[in-house]
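Welcome to a short tutorial in questions and answers. Please have a look at the model before we begin.

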Amino acid sequence: MDQDNNNSITITKNDILTGVGISLILVFAAWLTDMLASDLTVGFAAIAEIHANNPIHWFIDLLPLAVGGTIFYYYQKREKEVELFEEIIQQRDLDIDRNAIFAKKIGEGKYDAHFEIKDENDVLGKSLLRMRDNLLEGNRREKERNWIAEGKDLIADILRIHNSIDDLAYDVIVRLIKYINIIQGALYIYDEEQQKLSNVATYAYNRKRFVNQEFRMGEGLIGECAYEMDYIYRTEIPDNYATITSGILGEKKPKSLLIVPLIADEKLQGVIEFADLQEEIPELTINFLRELAEIIARTIYNLKMNQKTERLLQESQQMTQELKENEEQLRQNAEEMRATQDELEKSNKKLEAQVKEVENAQKRMQALLENASEVISIYDEDIQLKYQSPNVERILGYTQHEMMEGKDMNRLSAKGEAAFKEMFQKLKEEPGQPQSLQYTYIKKDGKKIFLETTGRNMLEDPAIKGIILNSRDITERKRAEKEERMKSKMQSLSENSPDLILRLNTRGQFFYANPVTADYLGLNPQELINTRIRDLQMEETLTSFFNESIKEIKADNNHQTKEITIPTANLGERIMSFKSIPEFNDNELETILFVGHDITEAKRIEMEIQDKNKKITESINYAQRIQSSILPDTTIIQEHLPKSFVFYEPRDVVSGDFPWFYRNEDIIFIAAVDCTGHGVPGALLSFIGYFQLNNIVDHNKNYTAAQVLDKLHFGVRSTLKQDQFDAEARDGMDIAMCRIDKKKGELQYSGAHRPLYLLRDGELTQYKGNRKAIGGIPHRKKPEKDFVNHIIQYKEGDKIFFFTDGLPDQIGGPNKRKYTPKKIRENILANQELAMEQFSSFFASDYRKWKKNNKQIDDVLLIGIEF
């Protein structure tokens with residue numbers, strides 16, 4: 001419409017008067033000609049006579065009226081067209097301003113801003129509304145995540161500063177009640193030995209409550225939550241349940257109740273309970289407390305371990321004191337023994353004769369003792385080793401002499417030594433009753449073994465005169481017992497596991513099935529034992545899975561993880577993740593353990609996330625289609641500038657950089673625009689820049705390149721309200737603007753932070769842009785300078801290049817550095833003989849080689865034109 005208006009004839013009121021005047025002159029000329037031809041004297045009589053003689057004068061007399069009427073008709077029609085055109089331009093400006101203001105509010109985070117679509121064809125407005133809704137939803141989720149994270153940090157700070165469970169419980173319950181805004185709460189600690197839950201902290205209406213409550217497993221809602229190890233949320237509270245008491249409200253029954261188990265490493269540590277007078281507890285609060293429960297449980301578990309460690313330390317210190325006292329007693333005993341030794345030396349002389357008599361018997365006994373499986377030791381009543389059998393070196397690694405020097409006691413632990421002395425005491429108190437003891441002993445090679453010693457009091461036996469100990473190595477027996485205990489423990493864990501656990505041999509025969517088998521397979525676990533897969537009426541999916549897994553594991557002996565979907569009678573269709581674990585005996589595959597974990601809920605959540613990601617992606621792709629539809633196509637640019645190229649590489653789906661092109665007859669405007677940011681924020685700002693530029697040149701094609709930037713500068717600042725006193729948005733854009741007049745062979749250039757390179761006759765000239773951006777908050781005390789307008793008379797063969805900062809700022813190359821403007825200039829000079837189409841391919845290839853596997857920093861836009 002603009003071009004048609006420029007080509008049409010402009011009619012004014014003066015044109016009407018001129019047309020009427022010319023028509024009157026023609027009328028008078030016709031009168032005068034006829035009067036002269038008829039030899040009449042000029043006057044009114046002559047006028048009347050020529051009208052009477054020649055009636056055509058009457059038609060000529062109407063000519064001024066006809067001309068004036070015709071011109072007046074076209075004048076009125078032109079006025080209506082101009083008025084209609086101005087209304088269209090005004091409405092378009094209003095829509096652009098409304099969309100730009102709304103886009104700015106979204107960019108400022110004002111997602112609740114009011115906005116109405118007044119035109120069903122306002123695609124941009126609809127897209128902005130849809131994007132606002134998506135951002136609002138994302139903002140809500142982010143606030144929820146931040147609220148949960150802040151709550152966790154708050155409680156984590158409390159958990160770090162306490163060493164007492166009671167103080168910890170009280171502080172945690174107080175902070176949680178205030179943080180989640182609930183009336184009452186209580187915390188119960190689980191005593192594993194007594195299998196009961198005890199109230200350690202209760203808080204309601206900003207006051208500490210002293211409530212002594214205990215619950216057995218399964219007793220009441222607290223016991224039920226502990227037994228099931230799952231949270232309980234009720235809005236229908238039993239009549240006999242606790243009431244909430246306040247000085248203002250009196251006693252009231254709670255309307256909502258939440259009980260959450262505290263579980264760490266699949267072990268119950270306690271239960272936390274919350275009650276409120278509100279009808280419902282928010283789902284966000286429930287999820288927050290469930291996530292926080294494991295952290296609290298872990299801290300309680302650590303405090304229990306610390307308390308147990310302190311108790312053991314105190315016992316160890318007490319035992320050390322007792323040992324010191326015993327050392328003094330031993331010293332006294334040693335002195336007595338030295339005196340006794342003196343007496344024994346005298347007696348030895350008398351015994352020499354007797355020793356010779358028993359030497360032969362000792363040799364026979366020595367042979368027996370050296371090959372015995374038990375070590376025989378004889379102690380006196382003061383726990384002094386009198387005799388050690390020779391096989392001690394074979395069993396313990398020490399010689400008889402080393403044992404006699406103290407290795408019998410030195411290689412015992414403090415606990416073992418104390419138990420050893422206790423056994424001696426019992427043997428002396430009950431002489432006729434044998435005593436047994438199991439303890440650890442460190443052999444000479446450093447290996448730790450278990451010994452079992454049986455003692456008998458034979459102090460009254462004249463042949464022995466001591467306490468005889470028979471010790472044997474029971475390490476292998478202990479190992480077997482430990483393995484048996486571990487198997488029992490694993491059996492217990494399997495029985496209480498929510499996962500499906502099965503053990504089959506390589507022939508498909510069931511050896512074990514835990515209780516949840518009934519829920520998933522619909523079969524009694526006991527009936528499965530010793531039954532083969534082929535003898536059961538199972539779903540074909542499960543039958544095939546078990547048979548194929550057994551076949552594959554027999555082939556490669558490797559673990560496997562597979563997901564299958566199975567129908568169940570009680571739970572509906574479930575998605576199971578099965579781990580197949582081969583079990584070996586003497587390096588031979590014996591059985592396969594199948595552990596099936598129900599991942600149905602996890603899969604559902606995964607599908608929800610995928611769906612939401614898809615919607616966000618579709619929204620961004622839709623915005624990209626809108627942006628692509630308004631940006632100039634390369635073919636259109638090359639239609640008017642045949643020797644040109646546009647290298648455009650957005651970083652994200654939508655871009656903050658965009659090429660802009662406008663033509664009016666022989667005047668061409670072309671620019672490379674770089675908006676603040678990239679992705680969605682940059683794209684929103686690009687819409688403002690695009691429509692502002694179109695609006696400016698629509699009004700006057702004769703603006704210079706610098707004047708266009710000045711008007712764009714103030715237009716962006718006004719749209720984003722950066723000219724107001726309280727403005728905070730510093731968003732704007734950099735731009736390289738060219739105005740090409742083909743008739744005059746003139747190139748005008750003006751830039752905001754962006755240069756233009758001119759390649760002429762092998763030399764490269766740089767025209768720098770102003771050191772200020774488009775838009776931004778103005779300096780209150782410093783006046784701004786207008787943009788500089790460079791005028792260049794181009795000639796054939798001249799080449800110009802201008803670009804945004806995405807290309808020079810790209811990190812890459814062997815040293816991870818920027819591409820830099822210098823490299824761009826060097827590439828232009830080094831390849832100046834290339835045509836523009838070749839320049840486009842060169843820069844695209846060189847950019848990708850430079851970037852390689854590095855992340856793209858920003859949107860990339862490079863425009864080249866050859867005249």
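What follows is a dialogue between a learner and a teacher on how to read some features of this structure.

Q: What kind of model is this, and how are its residues numbered?
A: This is a predicted model, in which local features need pLDDT of at least 70 and side-chain atom pairs count only at pLDDT 80 or more, while totals for chains, interfaces and linings use all residues. Residues are numbered from 1 along each chain as its sequence is written, and side-chain values use heavy atoms, with hydrogens and water left out.

Q: How many helices and strands does the chain have?
A: Helices (H or I, at least four residues) and strands (E, at least two) are DSSP runs, numbered from the N terminus. Here the chain has 22 helices and 32 strands.

Q: What share of the residues counts as buried?
A: Buried means under 20% relative accessible area, exposed means over 50%, and partly exposed is in between (1.4 Å probe, protein chains only). Of the 867 residues of this chain, 40% are buried.

Q: What share of the contacts joins residues 24 or more positions apart?
A: A contact means heavy atoms within 4.5 Å. Among contacts in the chain with a separation of 6 or more, 58% are between residues 24 or more positions apart.

Q: Which residues can show me such a pairing along the chain and in space?
A: Try Ile101 and Leu720, which are 619 residues apart along the chain, with their C-alpha atoms separated by 6.8 Å. Ile101 sits in helix 5 (residues 63-107) and is partly exposed, at a relative accessible area of 30%. Another pair is Arg175 and Leu154, 21 residues apart in sequence and 8.1 Å apart from C-alpha to C-alpha. Arg175 belongs to helix 7 (residues 165-180), and its relative accessible area of 38% makes it partly exposed. Residues up to four places away in sequence aside, Arg175 touches Leu154, Ile155 and Ile158.

Q: How do helix 21 and helix 22 pack?
A: Two packed helices are described by the angle between their axes and the distance between the axes. Axes are lines fitted to C-alpha atoms, for helices over the stretch in contact, and angles run from 0 to 180 degrees between N-to-C directions. Here helix 21 (residues 821-830) packs with helix 22 (residues 836-851) at an angle of about 140°, and their axes are 12 Å apart. Helix 21 is therefore oblique to helix 22; angles under 35 degrees count as roughly parallel, over 145 as roughly antiparallel, 65 to 115 as roughly perpendicular and the rest as oblique.

Q: Which residues of helix 21 and helix 22 meet?
A: From helix 21 come Lys823, Ile824, Asn827 and Ile828, and they meet Phe839, Phe842, Phe843, Asp846 and Trp850 in helix 22. By class, this contact of helix 21 with helix 22 has 6 nonpolar, 1 polar and 2 charged residues. In this scheme Ala, Val, Leu, Ile, Met, Phe, Trp, Tyr, Cys and Pro count as nonpolar, Asp, Glu, Lys and Arg as charged, and the others, Gly among them, as polar.

Q: Which residues of helix 8 are buried, and what do they pack against?
A: In helix 8 (residues 220-228), Leu221, Ile222, Gly223, Cys225 and Ala226 are buried. Their packing partners include strand 1 (184-191), strand 2 (196-204) and strand 8 (256-264). Met229 follows helix 8 and has a positive phi, near 55°.

Q: Where else is phi positive in a residue other than glycine?
A: Most residues other than glycine have a negative phi, and most peptide bonds are trans. Gln195 has a positive phi, near 55°; Gln195 lies in the loop between strand 1 and strand 2 and is partly exposed at 46% relative accessibility. Asn557 has a positive phi near 60°, and its place is the loop between helix 16 and strand 17 (560-568).

Q: Which polar contacts do the side chains of Thr531 and Gln748 make?
A: A polar contact is a pair of N or O atoms within 3.5 Å; within protein, one must be able to donate a hydrogen and the other to accept it, and residues adjacent in sequence count only if both atoms are side-chain atoms. The side chain of Thr531 reaches the backbone oxygen of Glu527 at 3.0 Å. Thr531 is buried, at 17% relative accessibility. The side chain of Gln748 makes a polar contact with that of Glu746 (3.0 Å). Gln748 lies in strand 24 (residues 746-752) and is buried at 6% relative accessibility.
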